[in-house]
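Open the model in your viewer and keep the sequence panel beside it. The stops below are meant to be selected one after another.

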Amino acid sequence: MVVITVSCLNITALFSALGSAYVCDILGRRMSAHIGDASYFLSAFIQIFAPNLTTFIVGRSVQGIAVCMLSMTVLILQRKIAPGHARGLFVSIEYLCLNTGCGFFFVTPNEVSGQEPYIVQAVLALMEDLGTLADLHGAGDMSDPAIQASYAEIATTLEREKVLGEAPWCQVFK
């Protein structure tokens, strides 16, 4: 059973990888991150309350789509918002969190241990946007003028990207 639940996430992530780049091009990184975040929350919710193996597998499959979508967007967004000296730290923290979930099975060996990682995922998936920017750079104060200016700069850049339009794929190889 464990093999099935692990492999269904990997298989859906594989198929999602084939289309996620196009979704990111069409909707943009920010919207793609929102979709990945919402999908991750949905998958965690399904897995927490799964009454049977079939429902749990559906949740894992949705999580595979979310993992792929977020893997394509989060690293790029982290690179843009993290201070230069801390970018490696943020990437390391992301991968540490991704791999720490396995520890739940060994720390609390009981019937709930399989659901604890999904509870953590659901909570983390709810945090985003201006609040995240404020947490990263302004001690959580969303009214900080520097945070407001940074948020406005991001919004202006996104609008400018919309005006410039979509770049062709061949530009990647130039």
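**Start at helix α2**

Select α2, which has 20 residues; at 1.5 Å a residue these should span 28 Å, and the end C-alpha atoms are indeed 28 Å apart, so the two values agree. Bear in mind throughout that this is a predicted model.

Stay on α2 and colour its buried residues. They are Ser32, Ala33, Gly36, Asp37, Ser39, Tyr40, Ser43, Ala44, Ile46, Gln47 and Ile48. Keep Ser43 and Ala44 labelled, since both are buried residues of α2 that come up again below.

**Zoom out**

Show the whole chain as a cartoon. How many helices and strands does the protein have? The secondary structure comes to 8 helices and 0 strands. Read from the N terminus, the order of elements is α-α-α-α-α-α-α-α. The protein has 174 residues, and 28% of them count as buried.

**The nonpolar patch**

Select Tyr22, Ile26, Leu27, Met31 and Ile35 and show their surface. Together these residues make a nonpolar surface patch with about 500 Å² of accessible area. Two elements give two or more residues each to the patch: α1, residues 2-27, and α2, residues 29-48. Which of them gives the largest share? That is α1, with 3 residues.

Now pick Leu27 alone. This patch residue has its place in helix α1. Its relative accessible area is 43%, and the range for partly exposed runs between 20% and 50%, so Leu27 is classed as partly exposed.

**Along helix α3**

Select residues 53-81, which make up helix α3. The helix has 29 residues and, at 1.5 Å a residue, should span 42 Å; the distance between its end C-alpha atoms is 39 Å, which agrees. Turn the view until the helix axis lies across the screen and look at Leu70, where α3 bends by about 30°.

Go back to the start of α3 and show Asn52 and Thr54 as sticks. A side-chain oxygen of Asn52 comes to within 3.3 Å of the backbone nitrogen of Thr54.

Next, select Gly59, also a residue of helix α3. Is Gly59 buried or exposed? Its relative accessibility is 0%, so Gly59 counts as buried. Add Ala44 from the earlier selection: Gly59 and Ala44 are 15 residues apart along the chain, and their C-alpha atoms are separated by 6.9 Å.

**Ser61 and its neighbours**

Move on to Ser61, which lies in helix α3. With a relative accessible area of 19%, Ser61 falls under the 20% cut-off and is therefore buried. Draw a C-alpha to C-alpha distance from Ser61 to Ser43: the two are 18 residues apart in sequence and 7.9 Å apart in space.

Then add Thr12, a residue of helix α1. The side chain of Thr12 reaches the backbone oxygen of Ser61 at 3.0 Å, which links a residue of α1 with one of α3. Thr12 has a relative accessible area of 17% and so is buried.

**Last stop: Phe90**

Select helix α4, residues 87-100, and find Phe90 in it. At 23% relative accessibility, Phe90 is over the 20% limit for buried and so counts as partly exposed. To finish, draw the C-alpha to C-alpha distance from Phe90 to Arg79: it is 8.9 Å, with their positions 11 residues apart in sequence.

Technical notes. Residues numbered from 1 in each chain as written. Predicted model: local features only at pLDDT ≥ 70, side-chain atom pairs only at ≥ 80, totals over all residues. Heavy atoms only, no water. Patch = residues over 30% accessible without salt bridge, like charges linked within 9 Å, V, L, I, M, F, W, Y side chains within 5 Å. Areas by Shrake-Rupley, 256 points an atom, 1.4 Å probe, with all protein chains shown as cover. Salt bridge = Lys/Arg side-chain N within 4 Å of Asp/Glu carboxyl O. Helix = DSSP H or I, 4+ residues; strand = E, 2+ residues; numbered from the N terminus. Buried < 20%, exposed > 50% of the residue type's maximum accessible area, 1.4 Å probe, protein only. Expected span 1.5 Å × (residues − 1). Bend = angle between axes of the 7 residues up to and from the residue. Polar contact = N/O pair within 3.5 Å; in protein donor to acceptor, adjacent residues only side chain to side chain.
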